[in-house]
Amino acid sequence: MGTRSRGGTSSGLLLLLCLHSSLLCKLSVTHPRLCSVSAAGGGGSGAPYVGVTIGTAVTNLLSPSDLAEFLRAERITHVRLYDADPRLLTALASSGATAIVGVPNDELLALGSSPATASAWVARRVLPFAAASSKNPGLISAIAVGDEVPTALPSALPVLLPAIQSLAAALAAANLSSIPVSTPLPFSIVLDPFPPSQAHFNQSLAKSFLVPLLAHLANTSAPLMLNLYPYYALMQSGGVVPVDNAMFKPLPPSLEMVDPNTLLHYTNVFDAMLDAVYVAVRNLNVTTTGGAGAVPVLVTETGWPSYGDRKQEPYASRDNANTYNSNLIKHVATDKPGTPMRPGAQAQASVYIYELFNEDLRPGPVSEANFGLFHGNGTPVYLLHANGTDGFLGNDTTDRTFCIAADDADEKAVQAAMDWACGPGRSDCTAIQPGEGCFQPNDVRSHASFAFNTYYQSQGKAGGSCYFQGAGMVTTTDPSHDSCIFLGSKLDSNVTKCDGANSTTPQTSDAKGSAIWRLRTGRENGFLLILRLLLSGMMAVIMTNSNFWT
């Protein structure tokens, strides 16, 4: 993934103030005919859907075959890859999923300067995974050329459109013109995005690149791909955007964003950003050939981090990430409202959640490594509330509650409450001792969350059992992570308690059975485990070195 868009410019933030206070704003804007973009249900047609992106900067990533099983188990049918790895594509061919395959930014020069190289790339990376008929492209649903090139690698911008055109021509020559070719762009190329009716593109970029790109996309029925993050709009708004508005939570009418020019009400930031794109594209008045229709919009990345620097990114939390992604799935796949400018299910854009796994090897801010729905070993970072989506990421937890350390509680109060829970409260805190499964991350809040939840569950989740003098809070987000399984988790049935610690029960692989994927490769020292059991005088199940769960 390229450098993610961080929202609009400073002028856009000033206009956002107008969007929330429309009576104070007297903005004038011309209104050309809105006719040049539409929503994309995939490559450009069909019902809207939610897919996921798969990055590979992950320690101990699932093998390709295990990943294919994992996708089947979670009923994920649309994925975006950042390259076209033949090993992964071969495995995914049996998963039932379709894939957007990527061309990395460092390959743009070769593809953009040589049509022959583009033809060879298609022959090597696409043809083995494409059906013979252009009406049924098979595994590969689209090709994403580069990623956020205008901001991530602006020096490659001159060869980006030639690369797209050469790949499209090579696909057409192979009778695979139904596979669209586009490039994911950052939302930051949209200037003054709030209110949406004011939005426009950077003029120099528009004339030199966007106008010819959009003409090509229209003529080839390919979507305009965009990476769109309400999270970053919230972070840069200086408190103007209500956090609930960024996460699709219902707002009273007085807090809804109102475009002072159209008087349209916006209940969420995601729709406002989409409408800003529609307006910016419309204002370019792109001319197409051969009666080409509107350019569909496909959101190739959107998401929310589950963890970040507490001071720099206070909204990066598991609960917020769960809320955003769960509501996004409901918004796109179930409600399908479209946007205020483009209402209705047929106008609802499809999206790809960034991302399937936490990429713990990614450099940069802490949040960059914490956008995943799952850890690299297949255990959930949090469990989504994805009801009514035919089992997609089917791990609803509305009937489960957990007790964790409150985000706003003083650390000294959290420490004191944990001391009580592990002492007079008689919580079994063995698992948060050094060397145990829940010792990492080694910080007060993480350890306290385990202790609080153990007490809370032991009390039958009774009222007041998660108070801890204000240091605790109830959540429906499962705080389990890696091999640390909290009491009350749906994963708890896959765990055998060992002296209070969490251990994963070994399973054998069955190629014809349900999905199996590897847990992390951390090994329990058998000798120390036996010694601990002898000292405790308790019976336990001794783990083997090959840890699996289904």
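Axes are here lines fitted to C-alpha atoms, for helices over the stretch in contact, with angles taken between N-to-C directions. In this predicted model, the axes of helix H5 (residues 115-125) and helix H7 (residues 157-173) come within 8 Å of each other and cross at roughly 55°, and the two helices are therefore oblique to each other. The crossing of H5 and H7 is right-handed. On the H5 side the contact is made by Pro 115, Ala 118, Ser 119, Trp 121 and Val 122, and on the H7 side by Ser 166, Leu 167, Ala 170 and Leu 171; by character, the residues of this contact divide into seven nonpolar and two polar, with no charged residue among them.

Aromatic rings offer another view of the chain, with a count of 18 aromatic pairs. In one of these, the rings of Tyr 231 and Trp 304 have their centres 5.0 Å apart and their planes at 65°, and because planes over 60 degrees apart count as edge-to-face, the pair is edge-to-face. Tyr 231 lies in helix H9 (residues 230-235), whereas Trp 304 lies in the loop between strand S13 (295-302) and helix H12 (318-335), so that the pair links distant parts of the chain, 73 residues apart.

How far the model can be read depends on the region. The mean pLDDT of the protein chain is 79, and 76% of its residues reach 70 or more. Among the elements of the chain, strand S6 (residues 181-182) has the highest mean pLDDT, 98, and strand S20 (residues 548-549) the lowest, 17. Over residues 132-137 pLDDT stays under 50, and the model has 13 contacts beyond four places in sequence for them; pLDDT also stays under 50 over residues 494-550, for which the model has 105 such contacts.

Terms used:
Residues numbered from 1 in each chain as written. Predicted model: local features only at pLDDT ≥ 70, side-chain atom pairs only at ≥ 80, totals over all residues. Heavy atoms only, no water. Axes fitted to C-alpha atoms, helices over the stretch in contact; angles between N-to-C directions. Helix = DSSP H or I, 4+ residues; strand = E, 2+ residues; numbered from the N terminus. Parallel < 35°, antiparallel > 145°, perpendicular 65-115°, else oblique. Left-handed = near helix turned anticlockwise from the far one by under 90°. Contact = heavy atoms within 4.5 Å. Nonpolar A, V, L, I, M, F, W, Y, C, P; charged D, E, K, R; others polar. pLDDT = per-residue confidence, 0-100. Phe/Tyr/Trp six-rings, centres within 6.5 Å; stacked < 30°, edge-to-face > 60°.
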